[in-house]
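Welcome! Please take a moment to look over the sequence and the 3D view below, and then we can walk through them together.

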Amino acid sequence: MDQRPEFLAALGLLPPCTPDDVKQAFLHKVKAVHPDRGGTREQFIALEEHYQRALEYAQFFESRRRWIGSAVERFIVHEACLADVARWGGHVELEQIDWLIHEIGEDFAQLHERIVGIDLSALPVGDAELETLAQEHLASLSALRRLDLSGTLVTDEGLEVLLHFVSLQQVALDGTDVGGAVRQLAELPRLNWLGVRDTRVGWLTLRHLKKALPDLAIGR
C-alpha cells in the first residue's frame, strides 16, 4: 500500500524530497490543472493546498532544528493573535497538522497549530478590529477558512479588509450593516458560503456574486 501522505502522492513525489523538489513538481502539475489551461478552479485549489502541505513537510525534514526554531517564533506571533481575539470576547478554531503529530508528538505539533476559524458573532466589534487582524495578524491567519461576523458592527467600509484573507471559505455577515460592498467578496477565490440575512444586501449584489462564484451558497 502507498504509505505516502496524500499531498506527496498528489504531486507525484517520494520521500525524501527537498523544497526545490516540491516546487518543481507543483510547477509541472499546475500546467494541467490551472483554469487558464483547461483545468478547473477546484482542481487548482486542491493542488495548491497539496503544494503548501508538501512544502512544509519538506522544509521540516530538511532541518528539524531550524524548523522548530522558526515554529517557536511563529507560535509567539500566533499567540498574540489569539490574545486579541480573546480580549474582544471571540473564539477561535484551531487545527493541528496530522503528520506532525505522528512524527514529533502532539506537544511539538502545537507549535504549528493553524487558526482556521474565528467567531466574533454578537460582539461589539467592527471595522477597526478587522483592520487589526489584517494589519497585525495576517501571517497567523493564512489558513483562516471560517469567519463569523454576524450581529457585529461591521460595515461596508470594513469589507475590503476581508480580501486579505484569501483562504476564507465561509463568511457570516447576518444582522450587520452591510450592503452593496459585499460584492467585493467575489474576489475571494475559495468562498463557498456567505450569510447575509437581515442585511442591506440586494438582489443585484447577490446576482453579481453568483455570477462570479457559481458554487457559492448564500444564506438569506
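## A helix to start with

A good place to begin is helix α3, which runs over residues 41-62 and so has 22 residues. From its first C-alpha to its last, α3 reaches 31 Å, close to the 32 Å expected at 1.5 Å a residue. Many names come up when we ask which of its residues are buried: Ile45, Leu47, His50, Tyr51, Ala54, Leu55, Glu56, Tyr57, Ala58 and Phe60.

## The whole protein

Before going further, please keep in mind that this is a predicted model. Its secondary structure comes to 9 helices and 6 strands. The protein has 220 residues, and 45% of them count as buried.

The accessible surface comes to about 11900 Å², and carbon and sulfur atoms make up 51% of that surface. Among the contacts with a separation of 6 or more, 56% join residues that are 24 or more positions apart.

## Two sides of helix α9

Now turn to helix α9, residues 203-212, where Thr205, Leu206 and Leu209 are buried. These residues lie on the same side of α9, because they cover an arc of only 100 degrees around the axis. The general rule is friendly to remember: an α-helix has 3.6 residues a turn, so residues three or four places apart point the same way.

What covers the buried residues of α9? The cover includes the strands β5 (193-195) and β6 (217-219). On the face turned away from the buried side, you will find the exposed residues Trp203, Arg207 and Lys211.

## Thr152 in its loop

Next, look for Thr152 in the loop between β3 (146-148) and α8 (156-159). Is Thr152 buried or exposed? Its relative accessibility is 5%, and because buried means under 20%, Thr152 counts as buried.

The side chain of Thr152 has polar partners in the backbone. One of its polar atoms lies 2.7 Å from the backbone oxygen of Leu149, and the side chain also reaches the backbone nitrogen of Val154 at 3.5 Å. Leaving aside neighbours within four places in sequence, Thr152 is in contact with Leu120, Ser121, Ala122, Leu123, Val125, Gly175 and Thr176.

## Glu129 in helix α7

Our last stop is Glu129, which lies in helix α7 (residues 127-136). With a relative accessible area of 19%, Glu129 is buried, since the cut-off is under 20%. Along the chain, Glu129 and Gly158 are 29 residues apart, while their C-alpha atoms are separated by 9.2 Å.

Note on methods:
Residues numbered from 1 in each chain as written. Predicted model: local features only at pLDDT ≥ 70, side-chain atom pairs only at ≥ 80, totals over all residues. Heavy atoms only, no water. Helix = DSSP H or I, 4+ residues; strand = E, 2+ residues; numbered from the N terminus. Buried < 20%, exposed > 50% of the residue type's maximum accessible area, 1.4 Å probe, protein only. Polar contact = N/O pair within 3.5 Å; in protein donor to acceptor, adjacent residues only side chain to side chain. Contact = heavy atoms within 4.5 Å. Areas by Shrake-Rupley, 256 points an atom, 1.4 Å probe, with all protein chains shown as cover. Expected span 1.5 Å × (residues − 1). Arc of directions from axis to C-beta.
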